[in-house]
Amino acid sequence: MKLNTILLSLAAAGMMFTSHVALASGGGVALKHASIDVVDRDQLLRGLTVFTDVCMGCHSAKYVTYKGLMDYPELGVSRELVDELRGENPLSSGLVTDLSPEDAIESYGKVPPDLSLVVPGRRGGADYVYSLLTGYAHDHDGKIPEGNYNTYFPGHSIAMPDPLAWLDHDAEETVELEQQANDVSAFLAFIADPHQNERRAMGKYVIGFLILLTLVLFLLKKEIWKDVH
Amino acid sequence: MLDTIMKTKIFAWVDRRTGAEAIIKSQLTEYPAPKNLNWMWVFGAIAMLVLVLQIVTGIFLAMYYKPSAMETLGGFSVAFDSVERIMRDVNFGWLIRYTHAVGASMFFLVVYIHMGRGMYYGSYKEPRELIWIMGVVILLIMQGAAFFGYLLPWGQMSFWGATVITNLFGAIPVLGDLIGQLLMGGFSVGDPTLNRFFSLHYLFPLLLVAIVAGHIHALHTVHSNNPDGIDLDQSDPNNVVMFHPYVTMKDAFAVSLFMILYMYIVFFNPQMGGYFIEVDNYVPANNLQTPAHIAPVWYLTPWYTILRSFEVKLVGIAAMGASLAILFVYPFLDRSKVRSARYRPMYRSMVILFFIDVIVLGYCGHTATTETLKVVGQIATFYYFFFFIALLFLPRFEKTKPLPEGV
């Protein structure tokens, strides 16, 4: 076996190893799968509504500006809606909650984290966000107060009170709540990296060009080396 | 094309004042390279390309990056904000930053393969000992540059990684505290640390360029090794091809192939499932909250495992230092006259096992320790050192195969 083959198989083995580990790092409980599509404008806009109506009561997404909501082609929010959302805030302002850190500590015991980067910043990403929102349950041991027990939160005791009122919802509401959780997960996944769709679209051309270039260079190499034996 | 340029009057003017023609001839068009070099010999050129890309993207990032730990709204910092500004508001900032961040991992990947090739085919052996030693210096500077660079986004893993590593220095007897404080610019990782790490992160690549120049100069003095590890008469055209255009075209093809992989990661999977950009680094640094599991980025994990394999912290640090230091004496530990593993059956098995061993070490360092993994890490650490020590005695037992006469 030549060294090339050895190294290649080692590299392949290494990559398989890493992908398994990445899957297994959810934190004990297997996460639910979020059905999100970061190019689906309707879903992103529904997610924006959930975000501004529910999440923004306590959370911010300070890296997303009101202007950004209009400018990102995936969102294309109208000026009227942005004006309604921002109130007195300037267009360049980020989506920042009105809840002050002091009030948050008094009510919930901690400052709610900024959600701009919550998807890449949590193991499991959008699946984790979706699972968390639909993961409120009753604590069978009765130690954790009602509304603060979450199946998917590490340690199960979460400071955030059930935002979508998942606990004790009736069967008819399940679909509606699951959709809200999916939509807001999609929105959060999008704003974590707002150039991701542009990046993937451009990537196809970049890789296509590189494959062509490699092909040309391969033929050139072959031509130049043909007299070497 | 080069010929056409060299025939122009302008070139003649420059040549009379710089000796450019002599340089081009001695280093490119009339520099001989063994014609049996295989594809493992392309990684040096690829590493040079990545170094250049890292420097170019780094210069552009530094135009927007602000090294300040001053807190901003939402528990973030000026540094973290500036990185997000690059990702969101700077034109193609995301491309430049992902290219740089992924580039760090690609640089190590390529350099590790490059070193593995040198180990397998005996490129570190007489007369190329200094090329290997300069290469080890390059590796150490790369590790330093990567460590400094990782602090800059001021995320949780930046902060806690730097805290763990700088505390290690504190365990060194007598001078430990002083070294730790000099590195941190204080008694803990903070704003002064960020500023000096940024400064050093800019300095180290410049050192790299200088040492890479020395590495290549030494190589061009003694000429390339080859897969058979035999001495070749470099003036015999049956043995060699000219570097340009033969090797340059081969390298160009390999570089292009490598760029497909690199750009695929940049455009489609820049975090690489948390291996190239760690999940915790999307959370702003918080000195009151330790992440559940602190691990260095994959390219430093083999050494981290060696460090963790010993109960006494100081012994672990010494072992980690020794594991890097032993690379410097590697050419002198191995006394075999035969270079290539192709003709050294025992060495061949040992070195392949060594490659696997380093991967095992890396895996153990990245995952949260369990009892089993700890023992596996300790066995792997033992083999890491055993490999080098055993080389001292290997020539007594090893029956090498006969070497070919030519290529």
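**Two contact surfaces of chain B**

In this predicted model, 41 residues of chain B are in contact with 40 residues of chain A.

**Exercise 1.** Determine which helix of chain B gives the most to the side that touches chain A, and how the residues of that side divide by class.

*Solution.* Begin with the elements: helix 5 (78-88), helix 6, helix 11 (243-268) and helix 14 (345-366) of chain B each supply at least two residues of the side that touches chain A. Next, look at their shares, where helix 11 of chain B gives the most, with 14 residues. Finally, sort the residues of this side of chain B by class, which yields 28 nonpolar, 8 polar and 5 charged.

**Exercise 2.** Describe how chain B is divided into domains, and find which helix provides the largest share of the side of domain 1 that touches domain 2.

*Solution.* Start with the bounds: chain B is divided into domain 1, covering 34-290, and domain 2, covering 295-407, and the C-alpha centres of these two domains of chain B lie 22 Å apart. Then turn to the contacts, in which 35 residues of domain 1 of chain B meet 25 residues of domain 2 of chain B. On the domain 1 side, the elements that give two or more residues are helix 6 (93-120), helix 7 (129-151) and helix 8 (156-170) of chain B, and the largest share, 8 residues, comes from helix 7 of chain B. As a last step, the class count for this side of domain 1 of chain B is 19 nonpolar, 11 polar and 5 charged residues.

Key:
Residues are numbered from 1 along each chain as its sequence is written. Chains are lettered from A and ligands numbered from 1 in the order in which they are written. This is a predicted model: local features need pLDDT of at least 70, side-chain atom pairs count only at pLDDT 80 or more; totals for chains, interfaces and linings use all residues. Domain bounds come from an automatic or database domain assignment. Two residues are in contact if their C-beta atoms, placed from the backbone, lie within 7 Å. Helices (H or I, at least four residues) and strands (E, at least two) are DSSP runs, numbered from the N terminus. Ala, Val, Leu, Ile, Met, Phe, Trp, Tyr, Cys and Pro count as nonpolar, Asp, Glu, Lys and Arg as charged, and the others, Gly among them, as polar.
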